[in-house]
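Colleague: Could you take a close look at one part of this model for me, and then walk me outward from there to the rest of the fold?

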Amino acid sequence: MADGLELTGVSVAYAGRRVVDDVSLQVRPGTIVGLVGESGSGKTTLARAVVGTVGLAGGTVHLDGTPLARRRSRTERRAVQLVQQDPYASLNPLLTVGRVLDELLRVHRLAERRIASDTAGAPDAGAWRRARCAELMGLVGLEADTLGRYPRQLSGGQRQRVAIARALAVEPRILVADEPTSALDVTVQRTVLDVLVGLSARVGLGVLLISHDLSVIHAACDDVAVLREGRIVEHAPAARFFTHPSDPYSRRLLQAVPRLPERAP
Ligand SMILES: Nc1ncnc2c1ncn2[C@@H]1O[C@H](COP(=O)(O)OP(=O)(O)O)[C@@H](O)[C@H]1O
Ligand SMILES: [Mg+2]
């Protein structure tokens, strides 16, 4: 089985009702796969299945060829991180950004792991964590002084970038972003999407980008999967999907989008 995330025949049911039905999907390192579907199509449920917060009624989730069980080890939980729509709800208002990141690095002993595997002269753990926090800000395009701010002092777009930095802090292989830009203005959406595109290319992160909005998918994704009533009705490279969608439902979704930037045929 190949590197990255691989879902095979994944189904999820709530009280006997299947809301995700036989979904197969791959997210390779360094690529962004868009999952698009209308409200209620099962996108968030699929995200939960990937991160293990809901059990499967069928199918398997593999990471780098290894099956992930519902109950995951700490290492497995680190490997697949979730970013949700509303970063404000998930950021502790009493802690500065730097404090949040530092705590995470501490809890997961990431400095100690790195220093132990470092053959060149090892810095102390505190210095390593400070440097890593600054590096994380850089990865999401925020100034290092953001580390001293509280969530309420940040804009929506900055908060979402902090949420991405927090997910990255634990060095995941896969990031699942569930409607990460839905609460943001269109211009700010673009900066957050550009961060995801940059990360997939620079650190080889695999991203499952979930959105009801095809213009979001268009701006960021290498591949597109269309979810309709819990089933994948089309899965294609983005260039082909946006020029020659094969499924009638995909065509209807595309016709409903007012205007997409031109793409080469
Ligand atoms: N915890 C839950 N219990 C029961 N039904 C749920 C639960 N969460 C979602 N659903 C139902 O599952 C379906 C898919 O929901 P969801 O995965 O949130 O879709 P989406 O994210 O695409 O809007 C919807 O019909 C929704 O009402
Ligand atoms: Mg949802």
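Modeller: Happy to, and I'll start with helix α7. Of its 14 residues, 13 are buried, so α7 is largely enclosed by the rest of the structure. Please keep in mind that this is a predicted model. The helix covers residues 156-169, and from its first C-alpha to its last it reaches 20 Å, close to the 20 Å expected at 1.5 Å a residue. Just after α7, the backbone of glutamate 171 takes a positive phi of about 55°.

One contact leads from here to another helix. Methionine 137 touches Ala165, and its other contacts, leaving out residues up to four places away in sequence, are Leu142, Glu143, Ala144, Thr146 and Leu147. Methionine 137 belongs to helix α6, which spans residues 125-139. Is methionine 137 buried or exposed? The count of other C-beta atoms within 10 Å is 21, and the cut-off for a buried residue is 20 or more, so methionine 137 is classed as buried. Along the chain, 120 residues separate methionine 137 from arginine 17, and their C-alpha atoms are separated by 42 Å.

After α7, the next stop is strand β7, residues 174-178, which runs parallel to β8 and is joined to it by 5 bridges. Within that pairing, alanine 177 has leucine 209 of β8 as its bridge partner. Both strands belong to an open sheet of 6 strands with mixed pairing, in the order β6-β7-β8-β3-β9-β10. At its edges stand β6 (80-83) and β10 (231-237); each has a single partner strand, so one side of each is left without a neighbour in the sheet. On average, and ignoring direction, neighbouring strands in this sheet are turned by 20° against each other. Helix α1 packs on the sheet, where it touches β3 (32-36), β6, β7, β8 and β9 (223-228), and its direction makes about 155° with that of β7. Another helix, α11 (residues 248-255), lies across β3, β9 and β10 and runs at about 100° to β9.

Let's stay with α1 for a moment, as this helix also has contacts elsewhere. It lies across β1, β2 and β4, running at about 60° to β2. Its buried residues are Lys43, Thr45, Leu46, Ala47, Ala49 and Val50. Beyond the helix comes glycine 52, with a positive phi near 85°.

The strands β1, β2 and β4 bring us to a second open sheet, made of 4 strands in the order β2-β1-β4-β5 with antiparallel pairing. Here β2 (17-27) and β5 take the edge positions, each with a single partner strand, so one side of each is left without a neighbour in the sheet. Between β1 (residues 5-14) and β4 (residues 58-63) there are 5 bridges, and leucine 5 stands opposite leucine 63. On the other side, β4 pairs with β5 (residues 66-67) through 2 bridges. Leucine 63 faces threonine 66 there, while histidine 62 has proline 67 as its bridge partner. These two strands form a hairpin with 2 residues between them, where aspartate 64 takes a positive phi near 50°.

Now for the ligand. Which residues surround ligand 1? They are Tyr14, Val19, Gly37, Ser39, Gly40, Ser41, Gly42, Lys43, Thr44 and Thr45. Helix α1, residues 43-51, gives the most to this shell, with 3 residues. By class, the shell holds 7 polar, 2 nonpolar and 1 charged residues.

One last residue ties the ligand surroundings back to β8. Histidine 212 lies in the loop between β8 (206-211) and α9 (214-220). Leaving aside neighbours within four places in sequence, histidine 212 is in contact with Val36, Gly37, Glu38 and Ser39; Gly37 and Ser39 are among the residues around ligand 1. Histidine 212 and serine 41 are 171 residues apart along the chain, yet their C-alpha atoms are separated by 9.4 Å. With 18 other C-beta atoms within 10 Å, histidine 212 is partly exposed.

Note on methods: Residues numbered from 1 in each chain as written. Chains lettered and ligands numbered in written order. Predicted model: local features only at pLDDT ≥ 70, side-chain atom pairs only at ≥ 80, totals over all residues. Pairing = 2+ DSSP bridges. Near = placed C-beta within 6 Å. Nonpolar A, V, L, I, M, F, W, Y, C, P; charged D, E, K, R; others polar. Expected span 1.5 Å × (residues − 1). Buried ≥ 20, exposed ≤ 12 C-beta atoms within 10 Å, placed from the backbone. Contact = placed C-beta atoms within 7 Å. Axes fitted to C-alpha atoms, helices over the stretch in contact; angles between N-to-C directions.
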